[in-house]
Amino acid sequence: MQLSTNNRGFAPTNLTEAIQFSDMLAGSNMVPKQYQGKPQDILVCVQWGFELGLAPMQALQNIAVINGKPSVYGDAAMALVQASPVCEDVEEFFENEGSPNPIAVCIAKRKGRKPVTVKFSVEDAKRAGLWGKQGPWSAYPRRMMQMRARGFALRDAFPDVLKGMITAEEAQDYPDEAKPMQMAKPANPLDLVAPKKIEIPEQTTNPMLIEEAFSQDQDAEELAEVEDAKPEQVRGTLGLFVPNKSEPHNQFATLEEWQDGYEELADKTARAGKVPARERMTILKELKLANEATLKSIDTVKRARHTAAHLQRLKSLGAAQ
């Protein structure tokens, strides 16, 4: 491997050399620990450095990957800006020293532009939840305030020089924002419109007949009404049917009232704790089938809610997914 030599040290001249160079550095203890044994990271870092104007070793010392986001240390950012021909001056100082609220000030002056002035105070640090934070903010609060003001000013005045990179000091302060979000298992679209989870009592191990179980508790008595109830007083034209009954259990004047009645009846069926879960699942399916015609007449969104509620009840009773 032949590397070009200039006043910035050795530098690879093509991709093959860059790969060999990265492999060699990855085995060295002289590079930062985060890059040891990681030639791919070194290659990317060197490329970042090339775009910013940093020599390979400078890049490895001054570019940090924090929560997956490349960033440059504040001193390196200052060096890059001051080396740029568009930079006129960068001025830093503190205001209100000795007071409860000192303020770090950075004035970045770009040639041909109005100066960019950024201030970062103790109150700003408190508002951001940084003041007194364990780590550098506790050990070196003055330095961290300076870095925060510097980072904002340099990024605002010289975005082309920094290529959009933020300072490492800033990146360390908001790990939750930089951290990639863990992707959850894709949700069933029906779950998004499902009502609240139904708590189903544990089933009894005694495989009673449905009629016998109904007389054991209040829930069972309510489910008995589903199976054996006589039609209630007719209040409308939409019938709510129960399994194995030709006449409607109840009738409703509006589709909205019918839907409420259907869900209430299905809930009672699911909560009949003395009835084996498998038997309750069978009745729920038969109840849905008995009212299929009316369910199909409901608009798509509302029908999805009923379907989701039905699946949730079956799931709570132990149905396989």
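**Reading a predicted chain: burial, sheet and confidence**

Biologist: Why is His310 called buried in this predicted model?

Modeller: His310 has 9% relative accessibility. Buried means under 20%. The value falls under that cut-off, so His310 counts as buried.

Biologist: Where does His310 lie, and what does His310 touch?

Modeller: His310 lies in helix α16, residues 300–316. Leaving out residues up to four places away in sequence, His310 touches Leu284, Lys285 and Lys288.

Biologist: How much of the chain is buried?

Modeller: Of the 321 residues, 40% are buried. The accessible surface of the chain is about 18,900 Å². Carbon and sulfur atoms hold 52% of that surface.

Biologist: Now the sheet. What makes β5 and β7 edge strands?

Modeller: The sheet is open, with three strands in the order β5-β6-β7. The pairing is antiparallel. β5 (87–95) and β7 (116–121) each have a single partner strand, so one side of each is left without a neighbour in the sheet. From one strand to the next, the twist averages 15°.

Biologist: How do you know that β6 and β7 pair?

Modeller: Two strands pair if DSSP finds at least two bridges between them. Six bridges join β6, residues 103–110, to β7. Six meets the cut-off, so the two strands count as paired. They run antiparallel. Val105 stands opposite Lys119 in β7.

Biologist: Which helix packs on this sheet?

Modeller: Helix α7, residues 141–157, packs on the sheet. Helix α7 touches β5, β6 and β7. The direction of α7 makes about 155° with that of β7.

Biologist: How many helices and strands does the chain have?

Modeller: The chain has 16 helices and 10 strands.

Biologist: What share of the contacts joins residues 24 or more positions apart?

Modeller: Such pairs account for 52% of the contacts in the chain with a separation of 6 or more.

Biologist: How confident is the predictor?

Modeller: The mean pLDDT of the chain is 76. A value of 70 or more is reached by 75% of the residues. Over residues 177–220, however, the pLDDT is below 50. That stretch still has 64 contacts in the model beyond near neighbours in sequence. Residues 229–235 also stay under 50. The model has 15 contacts for them beyond four places in sequence.

Biologist: Why not read those contacts closely?

Modeller: Where pLDDT is low, the predicted coordinates should not be read in detail.

Definitions and conventions
Residues are numbered from 1 along each chain as its sequence is written. This is a predicted model: local features need pLDDT of at least 70, side-chain atom pairs count only at pLDDT 80 or more; totals for chains, interfaces and linings use all residues. Side-chain values use heavy atoms; hydrogens and water are left out. pLDDT is the predictor's confidence in each residue, from 0 to 100. Contact means heavy atoms within 4.5 Å. Helices (H or I, at least four residues) and strands (E, at least two) are DSSP runs, numbered from the N terminus. Axes are lines fitted to C-alpha atoms, for helices over the stretch in contact, and angles run from 0 to 180 degrees between N-to-C directions. Buried means under 20% relative accessible area, exposed over 50%, partly exposed in between (1.4 Å probe, protein chains only). Accessible areas come from the Shrake-Rupley method with a 1.4 Å probe; for residues, only the protein chains shown count as cover.
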